[in-house]
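Work through these exercises with the sequence and the model open. Each task is followed by a stepwise solution.

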Amino acid sequence: MADPMRVRAAENGGTVDVKILMKHDMESGQRKDASGKTIPAWFISTINVKANGKDVFNGQFGPAVSKDPFLNFKYKGAKGDKIVVTWNDSKGDKRTDEATAS
Amino acid sequence: MKTRILYGVIIGLFAVLQGCSSSAKNEASTAAAPAGGAPTDEIEKYRAMIADGNPADLYEAAGEDIWKKPMGPKNVSLQKCDLGMGPGVVKGAYTQLPKYFKDTNQVQDLESRLVTCMTKLQGYDANEIIKAGFSKGKRKDLEAVVAYVVAESKGMPINVVAKHPKEKQAYQMGKESFFYQGGPMDFSCASCHASNGKRIRLQDLPNLTEQKGAALGWGYWPAYRVSSGTFWTMQRRLNDCYRQQRFPEPIYISEDTIAVSMYMAVNAKGGTMNAPGLKR
Amino acid sequence: MNQQRRSLMKYSAVFGLMASAGLISTAQAQEWNKAAFEGKGIDDVFKILGADSPDKSSAVTLNAPDIAENGAVVPVGITSTLKAEQMAILVEKNPSSLAAQFFIPAGTDSFVTTRIKMGQTSNVYGLVKADGKWLMTVKEVKVTLGGCGG
Amino acid sequence: MKNKLSILAFTLLAVAGTVSAATPFEKMMSSSFQAKGQAGLDRLDQDAAQKFCSNPVNLDGGGDPKTREKIQKENMATIKQPSDGKYLGDWKSGEKIAQSGRGATWSDKAGSVNGGGCYNCHQINIKEVSYGNIGPSLWNYGKLRGYSKEVVEYTWNRINNSKAYNVCSNMPRFGHFKLLNEKQMQDVMALLLDPESPVNK
C-alpha cells in the first residue's frame with residue numbers, strides 16, 4: 001500500500017493555503033537499471049482535492065513531475081474545512097488522506 | 001470517441017460562460033525573478049524556493065510511527081530507547097549526539113545508538129542492519145526513525161561536547177581521520193572542507209574545521225537529497241563523501257564514521273540544528 | 001419579438017449545457033489526459049490542449065528559478081491576474097513536453113506551485129486558460145551540473 | 001655470526017613490536033573500511049606525499065622545507081613526457097574530459113574511462129557557469145601565459161603530477177595515478193593551450 005501524504009492547510013484572511021507532499025517514486029520511464037534495462041514509467045497521474053465534499057482542485061501529472069511530489073494551491077475557505085486529498089497512479093494504485101484547515 | 005468530442009464542445013461552451021460570469025480577481029502575482037544575478041545567488045534563490053515542502057517530512061511521519069509501533073522478535077516499540085537523555089526522551093536528544101554511553105562503553109552517534117536499541121529492546125540482529133545497505137531492509141526503518149528523532153531537535157542549539165575520555169579520544173581520532181589523505185586522488189575530508197569560501201561546481205563547501213562552517217555542515221544534515229530523491233542520514237552522507245574521496249567503503253556505524261561525526265559535531269557546538277535539511 | 005424568442009431559447013439551451021458541464025468538467029479533470037501527456041514537442045501539446053499558438057500575456061506569471069541546482073527538482077509556480085480555469089506547465093526539451101495540467105474550479109485562486117524534472121536547460125512554459133482562451137508566458141531555466149560526479 | 005643472528009632476532013622483534021603496537025588510530029582505520037568494487041583497502045596505504053600532507057601543519061606551505069623539497073623531487077622524477085612528442089590534442093575532447101567528474105570510485109566500473117573533473121575546481125571556459133574555485137581560474141590560460149615551450153611543459157607536468165611543484169597541492173596526480181591516459185591529457189592540454197580553444201578567445 002502506498003505511504004501516507006503530508007497535507008497542511010492553513011486559513012488566512014478567508015483563503016486556505018493547501019500544501020501537499022505525496023510519497024511516490026514518480027518513475028520517469030527514462031531511467032535504466034544496473035543491467036541497462038529501462039525502468040518503466042510509474043507515476044501519480046491524477047490528484048483530486050475536496051474541501052467539505054466539494055472539488056477545490058484537480059491536477060494531472062505526467063512522469064516529469066518530481067519524485068515525492070509537492071503541490072501548493074489556495075482556495076476561498078474557512079478554518080475547520082475538511083480537506084480530502086486523493087491521488088491515483090498509472091498502475092492503478094491510489095491513496096487518500098485528510099486534513100483539517102487550521 | 002464520439003462522446004469525448006461532445007464533452008470537448010460542451011466544456012468549451014461552459015468555459016466561455018464561466019469566464020464571463022466570474023469576475024476577474026486580482027490574485028497577487030509574483031514578479032518574475034530578475035535575470036542575470038551571479039550563479040551562486042541564483043542557486044540561493046532556487047534553494048529558498050524549494051525550502052518549503054521538504055519531502056523529509058514524509059520520512060519523519062513514517063519514523064514516528066515506527067518508533068511507536070511494537071516490532072521485532074520481541075515485539076516491543078522503541079519508546080523505551082535511551083538516546084542519551086533517558087529512556088524514551090526524543091525531544092532535543094539529537095543536539096547532544098554523538099556521545100559516550102555507559103551501557104555499551106562506546107561513543108555512539110544516533111544511528112549506532114538506534115542499532116543498539118533495535119538489538120537490545122526489539123531483538124533484531126545488529127549485523128543484519130549493518131549489512132543491509134542504505135534504504136534497504138531494517139535499515140530503511142532506522143533511517144525513517146532518524147528523520148523523526150532529528151526533527152525533534154530542529155531549531156535547538158547543537159550541544160555536543162567531548163568530556164568523557166572516550167569522547168575526547170573520538171574527537172582527536174576524528175580530526176586525524178578528517179585530515180587523512182589517501183586513494184588515487186590524494187583526497188582527505190580536508191581537501192575540500194578546511195578553508196573558507198570554497199566550492200565544487202556551484203556547491204558551497206563549508207569549512208568544517210571552524211565553528212561557523214561546521215554548524216552549516218552538521219546543522220543541515222541529515223537531509224532529503226534532491227539528486228537521489230531519498231532521505232540521507234549522516235552515515236549515508238559520510239559514506240558518499242568517502243566514495244567521492246575514492247576511498248574504500250566505510251562500514252556502517254564504524255568507529256571512524258562516528259569519530260568524524262564527533263569531530264564535526266563538537267566543532268559545530270552553539271550552532272543551530274536545522275536538520276532534516278533539503279540538499280541538492 | 002422574434003429576437004426575444006431566439007435569445008430566450010439560446011439562454012435555456014446554454015443553461016442546460018452549463019448544468020451538465022459542471023459534471024463533465026469534473027470528469028475531464030479526473031481522467032488522465034493521455035494524448036496531451038504523450039504529445040511530443042510544445043506545438044503538439046498546444047494543439048491537443050486546444051491552445052494552438054497561445055498569446056504571450058503579462059497576466060500570466062511563471063515563478064521558476066533562473067538556475068536549478070538539480071534538474072530532478074525544479075520548482076515551478078504559475079499565477080495569473082485572470083481567473084484561471086486551467087493551468088499547464090510545459091518543458092520544451094523534455095521527452096514529453098507536458099509536465100502537469102491543473103483544473104481550477106471557481107473559488108480556487110489562480111495560483112499553483114509544484115516541482116518538475118528537467119533533463120537539460122530548456123524553456124519552461126506556463127499556460128493559463130481564462131475566459132476560454134489559453135495564454136502563456138515562457139522562461140528559460142538553466143539546469144547546472146553539480147557536485148563532484150558532474 | 002652469533003652477533004649477526006642476535007641483530008636479526010632483534011630486528012624481528014622490533015618489527016613484531018611495531019605491528020602489535022598499532023595506534024588506536026591505525027586500529028580504527030583498519031577496522032572501519034571494507035573493499036568495494038575497484039576501491040580496495042590498499043587505497044588507505046599512504047605514499048610519502050599523502051603521509052606528509054595528512055598533518056595539518058604541513059598544509060598551505062608549512063612543515064619541514066627539506067622533506068617538502070625531497071617529496072616534490074621524487075614526484076617530478078615520475079613524470080613522463082608525451083611518447084609521441086605532442087603536447088596538444090583536441091580541445092573539444094578536452095572540454096568533455098574537463099566536464100566529467102566520473103571515475104575511480106567504488107561505484108565506477110573498473111577500467112571505465114575517467115573524467116578529469118576539472119570544472120569541479122576550476123573556471124575554464126567562462127560559458128560554463130557551474131565551476132568550482134578550489135583551484136585558480138584557467139580562463140584565457142594560454143592567452144595570458146603565452147604558448148612557449150616552458151609554459152607547455154610546465155602545464156603538462158602539472159597535470160601529470162601536481163605534487164612535483166607543491167607537495168600538498170589539492171590537485172590529483174592525473175598521470176602518476178593513471179587517472180587520465182596520455183591522449184586525454186593531451187586533449188586537456190589543448191583546451192588550455194590551443195590558441196583555437198574557446199578558453200583562449
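**Exercise 1. Size up the contact between chain B and chain D in this predicted model.**

Solution.
Step 1. Take the area. Chain B and chain D bury about 3,900 Å² between them. Carbon and sulfur atoms carry 57% of that area.
Step 2. Count residues. On chain B, 36 residues are in contact, and they meet 45 residues of chain D.

**Exercise 2. Find the salt bridges and polar contacts between chain B and chain D, then say which elements of chain B supply the touching side.**

Solution.
Step 1. Count the salt bridges: there are three between chain B and chain D.
Step 2. Check one of them. K36(D) pairs with E249(B), and their closest N and O atoms are 3.3 Å apart. The cut-off is 4 Å, so this pair qualifies.
Step 3. Add the polar contacts. The rule finds 24 residue pairs across this interface, both residues at pLDDT 80 or more.
Step 4. Map the side of chain B that touches chain D. Elements supplying at least two residues each are α7 (165-178), α8 (189-193), β3 (198-200), α10 (234-244), β7 (249-250) and α11 (255-267) of chain B. α7(B) gives the most, with four residues.
Step 5. Sort this side of chain B by class: 17 residues are nonpolar, nine polar and ten charged.

**Exercise 3. Which strand of chain D pairs with β7(B), and in what sense?**

Solution.
Step 1. Identify the partner: strand β1 (residues 33-34) of chain D.
Step 2. Read the sense. The pairing is antiparallel, over two bridges.
Step 3. Fix the register. P250(B) stands opposite F33(D) in β1(D).

**Exercise 4. Lay out the open three-stranded sheet of chain B.**

Solution.
Step 1. Write the order: β6-β5-β8, with mixed pairing.
Step 2. Name the edges. β6 (230-232) and β8 (277-279) of chain B each pair on one side only.
Step 3. Take the twist. Neighbouring strands are turned by 35° against each other on average, direction ignored.
Step 4. Inspect one pair. Strand β5 (residues 223-225) of chain B and β6(B) run antiparallel, joined by three bridges. A223(B) stands opposite W232(B) in β6(B).

**Exercise 5. Describe the interface of chain A and chain B.**

Solution.
Step 1. Take the area: about 1,000 Å² is buried between chain A and chain B, 52% of it on carbon and sulfur atoms.
Step 2. Count residues. Twelve from chain A are in contact with 14 from chain B.
Step 3. Count the salt bridges: three. One of them joins the side chains of K19(A) and D52(B) at 2.4 Å, N to O.
Step 4. Sort the side of chain A that touches chain B: five nonpolar, no polar and seven charged residues.

Note on methods: Residues numbered from 1 in each chain as written. Chains lettered and ligands numbered in written order. Predicted model: local features only at pLDDT ≥ 70, side-chain atom pairs only at ≥ 80, totals over all residues. Heavy atoms only, no water. Contact = heavy atoms within 4.5 Å. Buried area = accessible area lost by both parts, 1.4 Å probe. Polar contact = N/O pair within 3.5 Å; in protein donor to acceptor, adjacent residues only side chain to side chain. Nonpolar A, V, L, I, M, F, W, Y, C, P; charged D, E, K, R; others polar. Pairing = 2+ DSSP bridges. Axes fitted to C-alpha atoms, helices over the stretch in contact; angles between N-to-C directions.
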